[in-house]
Amino acid sequence: MSQTYPRAFSHIGLSVTDLDAAVKFYTEVMGWYLIMQPTTITEDDSAIGVMCSDVFGAGWSSFRIAHLSTGDRVGVEIFEFNAAEKPENNFEYWKTGVFHFCVQDPDVEGLAAKIVAVGGKQRMPVREYYPGEKPYRMVYMEDPFGNIIEIYSHSYELTYSAGAYQ
């Protein structure tokens, strides 16, 4: 029997209603690297066209995509599909699926303010995990396109290694 090992996180895919605005937001506010300019992918018999038909089924026609990378080499694919729409309720956390992603910044409040300044939302006050004991802070935000972003002041491992929720 083979040993199970922890897999590395490769990338996440986000859907937005305006790819150019999303690239601007994620490069200017988050500081992520643009590694592939916005590109149109068309439903055809090219390798990428066939792969997308395998994923989306027939009839997707075309979409736009850009590829970015975080400072720790995690990829971010941003998609703008034809007739893209922002859901009315984008925070249905009780439904199965990814409901947020988290970034780390020691200046939680500063990043939150930048997100709000460009049309995002702060969904809660900044909170401390260990008030008066450790400076670990967090907040839930929303990007201008409706994607939920959590911000941690410290690494995931540090935040939970002492046993949270005590």
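In which loop is Asn 147 found? In this predicted model, Asn 147 occupies the loop between S8 and S9, and the surroundings of this residue are taken up again below, once the overall arrangement of the chain has been set out.

The chain contains 4 helices and 9 strands, which follow one another from the N terminus in the order β-α-β-α-β-β-β-α-β-β-β-β-α. Along the principal axes, the C-alpha atoms fill a box of roughly 60 × 50 × 30 Å. Buried residues make up 36% of the 166 residues of the chain, and the accessible surface amounts to about 10500 Å², with 53% of that area belonging to carbon and sulfur atoms. Among the contacts with a separation of 6 or more, 58% are formed by residues that stand 24 or more positions apart. With regard to charge, the chain carries 12 positive and 22 negative charges, and the mean positions of these two sets are 7 Å apart.

Two domains are assigned, domain 1 covering residues 8–83 and domain 2 covering residues 99–165. Their C-alpha centres are separated by 25 Å, and the contact between them involves 13 residues from domain 1 and 11 residues from domain 2.

The largest nonpolar core comprises 26 residues, of which Tyr 26, Ile 149 and Ile 151 touch the most other members. Two or more residues of this core come from each of strand S1 (11–15), helix H1 (19–28), strand S3 (62–69), strand S4 (75–81), strand S5 (101–104), helix H3 (108–117), strand S8 (137–142) and strand S9 (148–152). The greatest contribution is that of H1, which supplies 5 residues. Both domains take part in this core, since at least three residues are drawn from each of domain 1 (8–83) and domain 2 (99–165). Apart from this core lies another one, of 6 residues, including Ile 41, Trp 60, Phe 63 and Ile 65.

Tyr 26 offers a view of the surroundings within the larger core. When residues up to four places away in sequence are left out, Tyr 26 touches Leu 14, Gly 31, Trp 32, Leu 68, Ile 78, Phe 101, Asp 143, Asn 147 and Ile 149. The contact with Asn 147 leads back to the loop between S8 and S9, where Asn 147 has a relative accessibility of 15% and therefore counts as buried, the cut-off for this class being under 20%. With the same exclusion of residues up to four places away, Asn 147 touches Leu 14, Ser 15, Val 16, Tyr 26, Met 141 and Glu 142. Leu 14 is thus listed among the contacts of Tyr 26 and also among those of Asn 147.

Thr 27, likewise placed in helix H1, has a relative accessibility of 25% and so counts as partly exposed. Beyond the residues up to four places away in sequence, the contacts of Thr 27 are with Trp 32, Leu 34 and Leu 68. Trp 32 and Leu 68 also appear among the residues touched by Tyr 26. The C-alpha atoms of Thr 27 and Thr 70 are separated by 9.4 Å, although these residues are 43 residues apart along the chain.

Trp 60, a member of the core of 6 residues, is situated in the loop between helix H2 (47–56) and S3. With a relative accessible area of 11%, Trp 60 is buried, and, leaving aside neighbours within four places in sequence, its contacts are Ile 41, Thr 42, Glu 43, Gly 49, Cys 52, Ser 53 and Asn 82. Ile 41, one of these contacts, is also named as a member of that core. Between Trp 60 and Glu 157, which are 97 residues apart in sequence, the C-alpha to C-alpha distance is 40 Å.

Finally, positive phi values are found at two residues that are not glycine. Arg 73, with phi near 70°, lies in the loop between S3 and S4 and is exposed, its relative accessible area being 75%. Ala 83, with phi of about 60°, belongs to the loop between S4 and S5 and is likewise exposed, with a relative accessible area of 73%.

Conventions:
Residues numbered from 1 in each chain as written. Predicted model: local features only at pLDDT ≥ 70, side-chain atom pairs only at ≥ 80, totals over all residues. Heavy atoms only, no water. Buried < 20%, exposed > 50% of the residue type's maximum accessible area, 1.4 Å probe, protein only. Contact = heavy atoms within 4.5 Å. Areas by Shrake-Rupley, 256 points an atom, 1.4 Å probe, with all protein chains shown as cover. Lys, Arg positive; Asp, Glu negative; His and termini not counted. Charge placed at Lys NZ, Arg CZ, Asp CG, Glu CD. Core = buried A, V, L, I, M, F, W, Y, C linked by side-chain atoms within 4.5 Å. Domains from an automatic or database assignment.
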